[in-house]
Amino acid sequence: MSFFLYKEAFNVALAYNILVTNKSEAIEALLTFKLAIFALVTYYIALFYLIHRVAKRQWKTSYLLLVAVVLLIYPIGFKSYNYYKKDKILTGESLGWMAKYNILTNTPLYNLASFYEANRFISELAKVKEQHMVYPHFTVEDTGLETIVVVLGESARKDVLDIYGGKHPTTPLLRKRMENLLIYDQAIAPSSFTNTALSFMLSKSIPMDKKDFKLATLNDNVIALANSTNVWDTYWLSNQDEVGIYENLYSVITKDAKHREHTKEKSYDEVILPMLTHVLQDANKKRLIFIHLKGSHMKVSERYPDAFDHFQVDERPLYNAYYNSILYTDYILDEIIKKVENQKSVVLYLSDHGQTQKKDKYIHGFTTKGLDVPFVIWHSNLVADTHKMTGRNEQPISTTNLYNIVSDLLGVKGLDEKDNNTELKALSPSFEVVTYEAIEQD
């Protein structure tokens, strides 16, 4: 089923996303992939039925099945013993996590290995969430800015936006503001999944080998940094559902925001607008505001109100729905800008990841289009020229640089800069680091 939906084997990233999902996302996924799920269930029912019928016909069949099972278990047991010995040497444990993971990968229930590793990862994450970053001494320069708004989009495929050459007018309102926009033409996401992408964007971490990655680095993030300035107040406004049973990666970061608000029920992204109005009326003079949109998340036809059911340009209904969702995001961005355009403000918009084309729809996928994302910065006319850049930046840039960009806007001086990730490293669904140029094109 994983190959059918995502063109890749089931892996730790998929297991992790299953464990950290919430009820509404799970229901949406079931409804979106109902035919694939029905086919899978039907296949297994038919398989077990046939095995049962064959086993009942003659005792020899049962005997042969028993021999087959024994022959299957023998190599598994032999390999397991080798993993047991190797793990004891490497970790000093008689049966540590490494041995358990490797043993599971060599059984018929090998997918359990991915769930085991994901669950271990989540357990460590819960411990990290209790920690807080303590920064060495640094200074804060007054950049003249009053409000920094970072809008985190969802599943926006860059080439669908007409400001990036899309063939349909999906961003008419942003196009009207081109004189105030800095557009990154080659922005690359660090992952094709929201959890990992946002964690690398907001924290000081970049994609790296699993043996080198430390969860504690998530505590060094732009929200914690802004808090440590004792100048900027921090906000997290989200139309994304809160996490499910388990913690997710970026919840370790968002817990640092002094003011947090999530929508309580399924709603369009415009529900964020009154929340933003309320924030802008408080007494704080310097605000760093993160807005997490639902954007073009599946089920995409439910991401915009009827008034934005505009495009009927493609024979594939889901493509029209996707164009409509981008058109609606364009409206939301314009409304956000309207609320801060009379202040010394900047609004950054970038998507967590892109989308891969698959027949009649767009899906998550670890391909170039799955990582190509829109990234624009709008500047108020009141922003000083020293902090106002417009036009098009054609140099490739990883969105992991969001940390450095926001740090500069905050006026932070005297701390080591985050690695610029000039190699455009990204984390694959199997948690392997791959450079952008080596990723499958689509």
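**Exercise 1. In this predicted model, find where Tyr-319 and Tyr-323 lie, and work out how their rings are arranged and whether the two residues are buried or exposed.**

Step 1. Begin with the position along the chain: Tyr-319 and Tyr-323 both belong to helix α13, which covers residues 317-340, and they are four residues apart, about one turn of the helix.

Step 2. Turn next to the rings, bearing in mind that a pair of aromatic rings is described by the distance of the centres and the angle of the planes. Eleven aromatic pairs are counted in the structure. Tyr-319 and Tyr-323 form one such pair, with 6.5 Å from centre to centre and 90 degrees between the planes, and the pair is edge-to-face because an angle over 60 degrees counts as such.

Step 3. Compare the accessible areas with the cut-off for burial, which is under 20%. Tyr-319 has a relative accessible area of 2% and is therefore buried, and Tyr-323, with 5%, is therefore buried as well.

Step 4. Look at what surrounds the pair. Ring pairs link Tyr-319 and Tyr-323 with Phe-311, Tyr-322 and Tyr-362 into a cluster, while the charged end of Arg-316 sits over the ring of Tyr-319, 3.9 Å from its centre.

**Exercise 2. Determine which strands pair with β8, and whether the faces of β8 are covered.**

Step 1. Take the partners one at a time. Strand β2, residues 147-153, pairs with β8 in the parallel sense over seven bridges, and within this pairing Val-149 stands opposite Val-347 of β8.

Step 2. On β12 the sense is antiparallel, with five bridges to β8, and Val-346 has His-379 in β12 as its bridge partner.

Step 3. Consider the faces, remembering that in a regular strand the side chains alternate between the two faces of the sheet. In β8, Ser-345, Val-347, Tyr-349 and Ser-351 are on one side and Val-346, Leu-348 and Leu-350 on the other, and all of them are buried. The strand is thus mostly covered, with seven of its seven residues buried.

**Exercise 3. Follow the parallel pairings from β2 through β7 and β5 to β6, and describe how far β7 and β5 are covered.**

Step 1. Six bridges join β2 to β7, and these two strands run parallel; Thr-147 stands opposite Arg-287 in β7.

Step 2. Strand β7, residues 287-292, also pairs with β5 in the parallel sense over six bridges. Two residues of β5 show the register here, since Thr-234 has Leu-288 as its bridge partner in β7 and Trp-236 stands opposite Phe-290.

Step 3. Strand β5 pairs in turn with β6, residues 259-262, in the parallel sense over four bridges, and there the bridge partner of Trp-236 is Arg-260.

Step 4. Assess the burial. Six of the six residues of β7 are buried, so this strand is largely enclosed by the rest of the structure; Arg-287, Ile-289 and Ile-291 cover one side, and Leu-288, Phe-290 and His-292 the other. Strand β5, residues 233-238, is mostly covered too, with six of its six residues buried, namely Asp-233, Tyr-235 and Leu-237 on one side and Thr-234, Trp-236 and Ser-238 on the other.

**Exercise 4. State what lines the largest cavity, and which elements contribute to the lining.**

Step 1. A search of the whole structure finds three cavities of 30 Å³ or more, and the largest has a volume of about 50 Å³.

Step 2. Its lining consists of Leu-174, Leu-181, Leu-333, Ile-337, Val-347, Tyr-349, Val-376 and Trp-378. Two or more of the lining residues come from each of α13, β8 and β12.

Step 3. Sorted by character, the lining has eight nonpolar residues, no polar ones and no charged ones.

**Exercise 5. Give the strand order of the open sheet that contains β4, and explain why β11 and β14 are edge strands.**

Step 1. The three strands of this open sheet stand in the order β11-β4-β14, with mixed pairing. Strands β11 (372-373) and β14 (397-398) each have a single partner strand, so one side of each is left without a neighbour in the sheet.

Step 2. Strand β4, residues 187-188, runs parallel to β14 and is joined to it by two bridges, with Ile-188 opposite Ser-398.

Key. Residues numbered from 1 in each chain as written. Predicted model: local features only at pLDDT ≥ 70, side-chain atom pairs only at ≥ 80, totals over all residues. Heavy atoms only, no water. Phe/Tyr/Trp six-rings, centres within 6.5 Å; stacked < 30°, edge-to-face > 60°. Buried < 20%, exposed > 50% of the residue type's maximum accessible area, 1.4 Å probe, protein only. Lys NZ or Arg CZ within 6 Å of the ring centre and 35° of its normal. Pairing = 2+ DSSP bridges. 1 Å grid on protein atoms, 1.4 Å probe; cavity = no way out; pocket = protein on both sides within 12 Å on 5 of 7 lines; lining within 4 Å. Points joined across faces, edges and corners; volume = space filled by probe spheres on them. Nonpolar A, V, L, I, M, F, W, Y, C, P; charged D, E, K, R; others polar.
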